Amino acid sequence: KLADGLQRDGYAVVDGFLGEPVASYIRDEMRIMQRDGLLKESELAGGKTGTNMRYSMASVRGDVVRFVDGTEAEGCYNIGLLKEFSDQVVIRVQERVPGLQAQVIQRGKLMCTCYPGDALDDKPCGQGGPCRYVRHCDNPDKNGRVLTALYYLNSHWVPSHGGCLRIYPSDAAG
């Protein structure tokens, strides 16, 4: 199903990946990282059109983030399990999707991120207002990344909470 969706649509969704108990453990690890100040304000970069400077702008990207490999001593055991299971899924999908078979797929660190906002439009992100990551291309520099995997931890999420993922098809410019 996953490989078929990727091949047909360019994306695929797997609901309940690893189940609620594991998601709950990972949520707990995220809360601990946030409580302990291990999640930092996200940054944007100038990329190929700028000087590659790094800066924060909550109106564009209002998350707090930590990049981990899942082996950190500070409570990333279940995040490490997610990484291991995800890697196995990627291997199986790569075997089944012709466009990925010739690719060298190498994992970077996991981006553990939290959007700490509410829906009060009159307040800024991080102070009760909505936090977001505006429409963007995951790999505008064509640096070799070919897959992006997202794992949502929101329990009992409904669309009125916001944060809907929207995927736009590529245009002629990619």
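**Exercise 1. How much accessible surface does the protein have, and what share of it belongs to carbon and sulfur atoms?**

Solution. The structure is a predicted model, in which local features need pLDDT of at least 70 and side-chain atom pairs count only at pLDDT 80 or more, while totals for chains, interfaces and linings use all residues. Residues are numbered from 1 along each chain as its sequence is written, and side-chain values use heavy atoms, with hydrogens and water left out. By the Shrake-Rupley method with a 1.4 Å probe, where for residues only the protein chains shown count as cover, the accessible surface comes to about 12,400 Å², and 53% of that surface belongs to carbon and sulfur atoms.

**Exercise 2. Describe the order of the elements and the confidence assigned to them.**

Solution. Begin with the elements, which are DSSP runs numbered from the N terminus: helices (H or I, at least four residues) and strands (E, at least two). The protein has four helices and five strands, and from the N terminus on they run α-α-β-β-β-β-α-α-β. Next comes pLDDT, the predictor's confidence in each residue, from 0 to 100, which averages 79 over the protein, with 80% of the residues scoring at least 70. Among the elements, helix α2 (residues 19–35) has the highest mean, 92, and strand β3 (residues 54–55) the lowest, 62.

**Exercise 3. Find the partners of R27 and K83 in salt bridges, and state how buried or exposed each residue is.**

Solution. A salt bridge is a side-chain nitrogen of Lys or Arg within 4 Å of a carboxyl oxygen of Asp or Glu, and the whole structure holds seven of them. For the second part, buried means under 20% relative accessible area, exposed over 50%, and partly exposed in between (1.4 Å probe, protein chains only).

- R27 pairs with E20 at 2.2 Å, N to O; R27 is buried, at 11% relative accessible area, whereas E20 is partly exposed, at 44%.
- K83 pairs with D87, their closest N and O atoms being 4.0 Å apart, and both lie in helix α3 (residues 77–96), four residues apart, about one turn of the helix. K83 is buried, with a relative accessible area of 16%, and D87 is partly exposed, with 21%. Salt bridges that share partners join K83, E84 and D87 into one network.

**Exercise 4. Which salt-bridge partner does R35 have, and is R35 buried or exposed?**

Solution. The partner is D36, with the closest N and O atoms 2.8 Å apart. R35 counts as exposed, at 62% relative accessibility, while D36 is partly exposed, at 44%.
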